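Dear colleague,

I am passing on the structure below, and would be glad if you could look it over with the notes that follow it.

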Amino acid sequence: MSEQTHETEHAAESGGHSADPHGAAENHTEESALHIEKWEGIWIRIAVGMTVVFIVAITIAALSFGITVPGATARINPTTLNQEGNPFATPGVRELAPGKYEVYMVAQTWNFVPDRIEVPVGSEVTFYLTARDVIHGVKFAETNVNMMALPGQVSTLKATFDKPGTYNYICHEYCGYVAGAPIGHHTMYGQLIVLPANETAQATTE
Amino acid sequence: MSVQALSGADVKATPQSPPLTAEHLKLVDRVAGWNILVGVLALSIGALLGVFQGLEHARVIDIYPWLQPVIKTYYQGLTLHGALNAVVWTTFFICGFFTFAFVRSLNRPLKYPKLSVIAFFVMLAGLIIAAVPMLMNNATVLYTFYPPLMADWAFYVGLTLLVVGSWIVGYSMYFTYYAWRKENPEVRAPFIALASTITMVLWQIATLGVAAEILFLILPNAFAPVFGYTAPGLDPLLSRTLFWWFGHPLVYFWLLPAYVSWYAMLPAQTNGKMFSEPLARLVFWLFLLFSTPVGFHHQYADPGIPEIWKYIHMLFTFGVGFPSLITAFTVVASLEIGARARGGKGYLRWIGRLNWGDPSYAAQNLAMILFIFGGIGGIINASYNVNMATHNTMWVPGHFHLTVGSASTLTFFGITYWLVPKLTNRKLFTPKLALAQAWTWFFGMLFFSNAYHTLGLVFSVPRRTMLGQAPYYSEQWNLQMMESVLGLAFLTISATLYFAIMLFTWILPRKLDKPIEMPVAQPLDPKPAPKWLDTWWPWLNGAIALVILSYGPMLFQLIRDAEFWSRGIRVW
């Protein structure tokens, strides 16, 4: 893979001594230390400092504010999603406690099930997402809920929705299409409706 | 590995390098020229398809009904756009450029010149084999080809050959480097030769991931319908993980050839010197160390990978950002030396004295400016939880059109402005047009990428989507869509100019007045770099160790627990 693995001795081909057109790079050497110019050194310190600050900020955001990414939750055989007892056989919104919801969602060509979710404002929602066929992905517009959906895996994220409104959740990984028909990856989306406080009474019909 | 043998215990037996003859250079230049020709042709098709996509996104025109039966759909065009631009153009150009520059920098003929010829034809065969299913709409899986999407087998076999061909280009360089080292045990390797060899070794390590994915997971499934056996199935997460082992160092394979030019050629094109040659070597070694153990930062949003591994890869990703931060200082300092030698004064006024009249120089300097924004965007993408705001949105194409689409591509344009005249012995047609080309690309990408970044970050608009047909298309996007079309207008002019310049430079009988030599910047400090910056084993072994540490445990687990539940599907 590298030049060291090649063990053939170079044959003593005679030939003109190679004159060096590029000068200094080929001077014979005594050992020298890496010399770093003053302003270069200052810049390197700034670069290291910036990198450390970024990492610390990210770490604090993840640990203290819970702004995090999906992890390893569970695996599920995509061919069994319809079987009885499988939580993805009846995807939808479930209320766990007042203000706490879970959403089981299946991404498939070319829709999300469910494609409409209603929760009251201020709800904490835990999403469980898997894919039935190929890879999909979803981002809830204007939020940080962003997950890939892989066949065989369950993606999980928790989010709190503090602003009433309608948020699209759109498939963001290419997943095919039907040629000549208005259906495919670009038509795959759903809507999350965060209901204002006074309408929460009739919410959670599912 | 007998690395110690390199330290020259038997100096007396040292053979001398054979001379670099005009005959040999003729062969090298011919191979380089073929590579660049194929690369530019691929880009001409890929770029055109990009314009169609941009116009579709902005609902200016849905051109696909008129492209029948050549291009059947948006997504087929998108597959071709990604494969031709990001894989074919870059790989062929880089192999041609490196073959040309490596031999001259080392001042030694290739040990096995036929290897470079074979490499080119293997790559070309791969390209043709992969192009057939892509053009027949049988491989509309985009250039990342995530299974269970399953293309025709020829697509994967073709891509594999293309990569294997590029490996052979590397082997040709390693054998030559090794022979040279035997002949010159106590001499520092010339910078360009060393840096290009490091880049090829990095590429070799990177492509092992995608090679494993194709050989062990995809081909057994893709061949099933051909030979009529039952497909064994595959594990999508394992497949994705192997892809991203390759997918991120891929971007350094695109970027480092540009760095070779920025560090070691561009200063000479504006009367400058390499500000800190040893540090430039350190930068390349750091890329070798850190470019692969970073792949999970493309999988932050993936299930099935524990947060801790994503976090560890984030740390390495910041590690690989660091040499680019050094580069920002060192390259600019090298150019400043040139500007001051040309009479530049003041804290910033010297910038005006850079060699802006030379299109080769101007294109590359403009590429650097765009890369500042590309680099900042990259740090944002790398930032773990911040990535959740941008992952798979239009922000991402906005980002990589500044990096591979500008930092690399515009630099490669600049390189061809001296290299193609050199290879064809023809005058550039014309320097003024080439300057216009560089500036229109600069402004085009500025508008285009700004628009796409905003669409992704503010409106969560998804990438890789036939947006014009989307039911969720929003009028809120109009301003950015208009800006992107403005960028596209500039880019269309720029690309047209580029291909016209290449064509007319090549075919018009305007012989060069005086021969062109490869620009090589001299180090400011003639003291040679310390030996540890010219020694392979710590860096190479370190790189391998980091790959094992960062991927080993997680890959072991993914392979041990692999479930081949998914079957390859064609959903287009």
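In chain A the average pLDDT (the predictor's confidence in each residue, from 0 to 100) is 82, and 81% of the residues score at least 70. This is a predicted model, in which local features need pLDDT of at least 70 and side-chain atom pairs count only at pLDDT 80 or more, while totals for chains, interfaces and linings use all residues. Residues are numbered from 1 along each chain as its sequence is written, with chains lettered from A and ligands numbered from 1 in the order in which they are written.

Residues 1-29 of chain A stay under a pLDDT of 50, and the model gives them 61 contacts beyond four places in sequence, a contact being two residues whose C-beta atoms, placed from the backbone, lie within 7 Å.

Between the chains, 84 residues of chain A are in contact with 97 residues of chain B. On the side of chain A that touches chain B, H1(A) gives the most, with 10 residues; helices (H or I, at least four residues) and strands (E, at least two) are DSSP runs, numbered from the N terminus.

Chain B has 15 helices and 0 strands. Its radius of gyration, taken over C-alpha atoms, is 23 Å, close to the 25 Å that the globule rule (2.2 Å times the number of residues to the power 0.38) gives for 572 residues, so chain B is as compact as a globular protein of that length. The C-alpha atoms of chain B fill a box of roughly 65 × 50 × 45 Å along the principal axes.

With best regards
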